[in-house]
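Got the viewer open? Here is a short tour: what to select at each stop, and what you will find there.

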Protein chains: 2
Amino acid sequence: MTATDLVGGVFAAALTPMTPAGSPDHVLAVAHCRWLLDNGCDGLAPLGTTGEANSQSLADRMALVGALAEAGLPAERVVVGTGGCALGDTVALTRCAMDAGFRNALVLPPFYYKGVSDDGLFAYYAALIEGVGDADFRLYLYHFPQMSTVPLSAGLIGRLRDSFGAVVAGLKDSSGDWANTRHLIDAFPGFRVYSGSEQFLADNLAAGGPGCISATVNVTAPLAARVFHAAPSARQRVQEELTAIRLALQGFPTIPALKRLLEWHTGNPGWRTVLPPLLALPEEAADKLREMIAGFPLFRDEIALAAAVG
Amino acid sequence: MTATDLVGGVFAAALTPMTPAGSPDHVLAVAHCRWLLDNGCDGLAPLGTTGEANSQSLADRMALVGALAEAGLPAERVVVGTGGCALGDTVALTRCAMDAGFRNALVLPPFYYKGVSDDGLFAYYAALIEGVGDADFRLYLYHFPQMSTVPLSAGLIGRLRDSFGAVVAGLKDSSGDWANTRHLIDAFPGFRVYSGSEQFLADNLAAGGPGCISATVNVTAPLAARVFHAAPSARQRVQEELTAIRLALQGFPTIPALKRLLEWHTGNPGWRTVLPPLLALPEEAADKLREMIAGFPLFRDEIALAAAVG
């Protein structure tokens, strides 16, 4: 393990606060990342699905990577989302992250064409690794078939590991299918399979996995950290609290609801802005979100939402 | 109608020949576009799904637009694909096309997030029109739910037409659902609804539509033109020939098979290159394609494939 190998634990798929003009707000983004690291997160996955990365222009994505690097976020705690549909852009973004000091990248499969073959996906990831051209690069595959429409099979992972060894370092499993996560942990020793939801954090750790990378950790980080640091014998009880909040949050459109919670948490209405085609949370849903939060007083107090939700 | 309003008729969703390094081959691309216009095409839709636009880097897409403009392709015969997931990139690409003299753009909905609302899609297209900021811009919506996963509803089209009038000029309907095409033609007078397959060319024209924009027109252009120019009484018979070839071609992976046919047509093996995650047509499928073509001697001769397929 070198100094910048990705740590295990609790990762937030970090939200991206936006300026009114619809570009990443670097000051607010850095402040949010610092708050997450100071309040339970072991690591961050900026510029993923939750970060609205694919709704940001290529130039905006690159500029945000630069701002996070300049802020001195520790490289061993960051896995940067760099995946898009075009190999050339994905190579450029990944090189940008490497140049900024972030060697760990979380990379979606190209997601425009449907029904693509494992041979085609292998060719894509192989060309990415060759295009990045740096033995220090660490590729984390991003398996999220409900959103990308392109699943990453165990067969593909095995071929990539056989061909590129430790460069193919791990995977975020956002399928929600614990059996798949478990199978990948067991099938590929040394391959770091993060669960895509903190609902599976205790299970992931018990199975020998490294932890979770999750959207809702943007607000559940303090509680998720208590699961991570709990003694194995006590872990399941804290996990049940965490799971209850995660499942309650799943009843809302994820990114708009999380941004509304961050608005309440920070008092900064700039947090409400989302990029099209997403929309800010409607007031009716915000009212339901307030009601929901009021039912979880510990969670509410832990991220200082009392002022907003009573 | 101004000089650069889009014409009706037979459009090829133009293939993009690639260099061995995986960038558009401008010389071959221009030659192919000219061949299409000289051999039955009324117009071209470069940089769409068939053109592998979303597999090309943003810089490569922009450079290809420039090359097509420099070659003097007539603006009233070109609708440039400029859609991606990020509004900022889509605005930049559309402005690039406008600056090059192409006012007509075919624009996918943002296709990463799933289950997005009509309100969100309206916000996206409205922001595009405002971002382009040119009254000469003509937006053609690209309805291809099987690939984009994001359908464009009649309700959305109506709202966009009500808000932006003639700027929202038309649509390519690649759903394969003729009833949908027919409904949109009837529902929005003056809105130009092109069928996404030449299989529906005669029906489209009979219903008062402008024609078709199709992948397989890259090879069926001469025959499709005969349908377009046929007297209405004779059109159905020629359409049946055209439909038979279209349906036969649908049995193959579209882009790899069309590129193989262009390789045979031109004798240039450079045509075989596709961008990942797509793969060149396997030899076994190429053999089947040869057999298929041999069963359509008129088509074979019309695009000079005899040497390749016997």
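**Stop one: chain A by itself**

Of the contacts in chain A between residues at least 6 apart in sequence, 68% join residues at least 24 apart. Keep in mind as you look around that this is a predicted model.

Hide chain B for now and colour chain A by secondary structure: there are 14 helices and eight strands to find. Turn the C-alpha trace along its principal axes and you get spans of about 55 × 50 × 40 Å. A compact globule of 310 residues would have a radius of gyration near 19 Å, and chain A comes in at 18 Å, which agrees. As for burial, 55% of the 310 residues in chain A are buried.

**Stop two: helix α12 of chain A**

Select residues 283–294 of chain A, which is helix α12. Its twelve residues should span 16 Å at 1.5 Å a residue, and the end C-alpha atoms sit 17 Å apart, which agrees.

Now show side chains. Which residues of α12(A) are buried? They are A:Ala286, A:Leu289 and A:Ile293. These cover an arc of only 55° around the axis, so they lie on the same side of α12(A). Then spin to the face turned away from that buried side, where you will meet the exposed residues A:Glu284, A:Asp287 and A:Glu291.

**Stop three: both chains together**

Bring chain B back. A turn of 180° with a shift of 0.0 Å along the axis lays chain A on chain B, with an RMSD of 0.0 Å. That is the relation of a two-fold axis. The same surface serves both copies, with 100% of the contact residues of chain A recurring in chain B.

Next, select the contact residues: 33 in chain A meet 33 in chain B. On the chain A side, α2 (58–70), α3 (87–99) and α4 (118–132) each supply at least two residues. The largest share there, six residues, comes from α4(A). Colour the side of chain A that touches chain B by residue type and you should count 21 nonpolar, eight polar and four charged.

**Last stop: a loop in chain B**

Pick B:Ser153, in the loop between α5 (145–148) and α6 (154–164) of chain B. Is B:Ser153 buried or exposed? It is exposed, because just 12 other C-beta atoms lie within 10 Å, and a residue counts as exposed at 12 or fewer. To finish, draw a distance from B:Ser153 to B:Leu47: their C-alpha atoms are separated by 23 Å, and the two are 106 residues apart along the chain.

Key:
Residues numbered from 1 in each chain as written. Chains lettered and ligands numbered in written order. Predicted model: local features only at pLDDT ≥ 70, side-chain atom pairs only at ≥ 80, totals over all residues. Least-squares fit on C-alpha atoms with pLDDT ≥ 70 in both. Contact = placed C-beta atoms within 7 Å. Helix = DSSP H or I, 4+ residues; strand = E, 2+ residues; numbered from the N terminus. Nonpolar A, V, L, I, M, F, W, Y, C, P; charged D, E, K, R; others polar. Buried ≥ 20, exposed ≤ 12 C-beta atoms within 10 Å, placed from the backbone. Expected span 1.5 Å × (residues − 1). Arc of directions from axis to C-beta. Rg over C-alpha atoms; globule rule 2.2 N^0.38 Å.
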